[in-house]
Amino acid sequence: MYGVDLDFTSGLNIVQADNTSGKSTCLQAIIYVLGLERSLSANLSVPLPFAMRERIHETKDDPYEEVLQSYVEIEVCNHRDEKLRIRRSIVGDADPKLISTWSTEEAEDDGPVRETQRDFFVHDPGSATRESGFHHFLADFLGWELPDVPRFDGTECPLYVETLFPMFFVEQKRGWSTVQGPLPTHFRIQDINRRVLEFVLNLDAGKVRRERAELNKRIGFLESDWTDKRRVLSKGGVDLIRFIGVPKTPTAEFSHQAAISLEVFTDGEWLPLELASKELQDEIEKLNNIELVSTEEAEASTQQALEVAQLKYDELGAMFEVARTDFRAVLEENRALKKRLEVLDIDLKRHQDTKKLMALGSEVADAVAFESCPTCHQHLNQELLPPSSSGAMALDENIAFIKSQQLMYKSALAATEERLGELRLRGRSIEQDYKEAQSELRSLKRALVRPASSVSRATIEKSVRLQARVDQWQEMQERADGLVDDLVAIAKEWAILSSRLKELRTGDDFSSEDKNKISRLQSLIQGHLKTFDFHSFPPSEITLARDNFRPQVLVFDKDSGGEIEKDIGFEASASDGIRLKWSYYLSLLELDENYDTNHAGLVVFDEPGQQAADPVNLTSLFQESAKVRPDRHQILIATSEKEHAIKEGLGDRPYNLISFSGYILKPLS
């Protein structure tokens with residue numbers, strides 16, 4: 001049985017051994033046991049050497065033995081002094097997606113300490129969000145509330161734990177290639193560097209940006225809901241009512257006072273619903289007061305009413321045909337405008353492409369100048385145009401003209417859309433009146449052929465029809481009131497959210513606390529760079545970019561003839577890039593001593609002596625690392641630096657040195 005126990009203490013810990021002895025194996029085992037393989041690459045291959053997976057031997061001269069079972073176990077402690085033992089299998093019976101944990105509980109009355117086991121899963125959907133997902137549990141153990149962040153496909157996902165750990169753990173192969181991370185891009189998170197650093201630094205700017213995104217999302221939903229409900233109103237979704245005073249988008253004024261009038265189309269004109277209802281009620285009142293007579297006595301009045309009804313029926317039929325003709329004409333105009341806009345859009349793109357080609361030095365510029373077609377290069381003879389002595393418009397003028405035409409046609413299209421809605425309502429209203437007039441004609445004709453002694457029912461039937469219309473309008477009014485109430489509620493919420501969004505847009509994303517943090521971080525980095533003998537630029541000229549917090553420097557730009565801010569990673573020497581990485585990570589850790597951040601309190605450097613860094617500078621790294629607060633932070637460094645050099649460089653400073661000769665994984669007694 002092979003293995004090793006590493007007892008890391010708080011503060012600085014140094015694992016010292018020769019190259020290829022297993023130092024990186026020990027540190028990468030931490031990544032593996034925490035299920036953080038995807039912080040290194042998109043695939044889920046075990047980031048451990050064959051000695052942990054396939055075969056192992058004690059010395060180079062010994063034969064290999066097959067690995068039948070292997071696992072990694074680690075004990076961690078959080079800021080609440082809660083201890084947690086974590087175990088994950090590599091080879092054996094247990095699935096590597098299973099992670100087992102044991103938490104310790106102090107018993108009452110000085111009884112024995114109890115351990116509670118709980119199992120979790122990783123690398124399956126829900127591992128970052130569900131209760132049984134290990135990374136969801138790990139984030140809670142660390143006291144992190146991971147925000148949702150946007151992805152490139154428009155969806156959202158949590159700021160996964162895997163995206164954060166490259167800011168605490170620098171592995172040997174790729175970790176030293178960039179100042180930040182490198183952060184995993186396979187999660188497709190937008191602006192991942194900025195979002196990770198905003199979370200690690202616990203900046204208010206990140207919270208403001210997330211709140212602004214949430215507000216924009218909610219406002220967009222409200223505006224969409226408003227558009228849907230308004231469309232129901234404008235297209236007669238509430239039967240045959242026309243609404244006047246409903247804006248196209250929510251407004252603060254509408255939320256305070258919704259001045260809406262409801263109109264119905266009756267007797268050839270639009271009337272307020274309240275007035276039309278009153279007129280019908282008055283007519284019903286008159287009909288109800290008429291004394292009932294026999295069919296013979298009512299014959300003359302019935303005949304007269306029949307003539308009036310026939311006239312109204314014919315008039316409504318003619319009005320319906322006119323309305324239908326008008327609707328078709330406006331519909332054709334609407335379609336023509338849409339087609340014209342499509343042509344203008346194609347024309348605009350062609351002109352813009354031509355302009356781009358001209359800017360690149362294409363000969364298409366000559367074709368345009370000599371009035372040739374930019375697509376087929378044929379000469380544009382003015383066969384369809386009257387002779388003109390003026391030349392063609394310049395390309396920019398054409399583009400501006402096409403855009404102005406688009407605005408004009410879009411305005412006309414909106415007008416036709418509104419006109420179509422009104423004509424649709426009018427047509428449906430006339431159609432309803434037409435059908436009612438038809439029913440009245442039938443009723444009056446039946447009344448004339450009834451027995452002479454029977455009671456005339458024409459008046460009763462008309463009263464019933466009118467009452468049905470009043471009842472229908474009342475029902476329409478109630479349904480409309482419900483929709484209007486919904487619109488008012490939408491407008492009120494929209495006004496509140498829009499006001500808050502305006503506050504967030506007018507202010508600076510960075511709070512005063514944020515600015516203090518960034519300034520302090522920048523100062524710490526500059527101090528460390530000076531200590532580590534950074535010489536590519538004066539450390540005092542190194543600043544942090546406000547969009548992604550990468551180190552930058554002012555450099556002279558030959559093209560512009562002035563100074564520009566440039567990412568320092570492209571300008572510093574390779575060894576200075578390593579010094580910058582040391583400074584950046586130590587400064588992030590030290591910032592946590594005086595400010596509220598989301599730093600894990602841990603920094604891991606695997607072989608920090610990259611790019612043949614000066615041994616003096618490497619000693620300075622050990623010395624600076626020994627200064628961290630042992631009650632809050634821990635630094636793990638794996639190095640092949642000689643043991644005597646480490647001890648001589650650190651002197652009496654506090655540190656924990658774990659030194660090995662030969663392979664670190666040895667047979668256990």
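Here are a few friendly notes on one residue, a pair of helices and the cavities in this predicted model.

1. Start with Asn 617, which sits in helix α15, a helix covering residues 615–625. Is Asn 617 buried or exposed? Its relative accessible area is 3%, and since buried means under 20%, Asn 617 counts as buried.

2. Next, look at the neighbours of Asn 617. Leaving aside residues up to four places away in sequence, Asn 617 touches Phe 532, Asp 533, Arg 579 and Trp 582. Thr 531 is also worth finding: 86 residues separate Asn 617 and Thr 531 along the chain, yet their C-alpha atoms are 8.0 Å apart.

3. Now bring in helix α14, residues 574–591. The axes of α14 and α15 come within 11 Å and cross at roughly 5°. Angles under 35 degrees count as roughly parallel, so α14 is roughly parallel to α15.

4. Which residues of α14 meet α15? They are Arg 579, Trp 582 and Leu 586, and on the α15 side they meet Asn 617, Leu 618, Leu 621, Glu 624 and Ser 625. Sorted by class, this contact has four nonpolar, two polar and two charged residues.

5. Finally, turn to the empty space inside. There are three cavities of 30 Å³ or more in the structure, and the largest cavity holds about 120 Å³ of space. It is lined by 14 residues, of which Ser 39, Leu 40, Pro 166, Phe 169 and Glu 171 are the closest to its centre. The lining of the largest cavity has nine nonpolar, three polar and two charged residues.

Note on methods: Residues numbered from 1 in each chain as written. Predicted model: local features only at pLDDT ≥ 70, side-chain atom pairs only at ≥ 80, totals over all residues. Heavy atoms only, no water. Helix = DSSP H or I, 4+ residues; strand = E, 2+ residues; numbered from the N terminus. Buried < 20%, exposed > 50% of the residue type's maximum accessible area, 1.4 Å probe, protein only. Contact = heavy atoms within 4.5 Å. 1 Å grid on protein atoms, 1.4 Å probe; cavity = no way out; pocket = protein on both sides within 12 Å on 5 of 7 lines; lining within 4 Å. Points joined across faces, edges and corners; volume = space filled by probe spheres on them. Nonpolar A, V, L, I, M, F, W, Y, C, P; charged D, E, K, R; others polar. Axes fitted to C-alpha atoms, helices over the stretch in contact; angles between N-to-C directions. Parallel < 35°, antiparallel > 145°, perpendicular 65-115°, else oblique.
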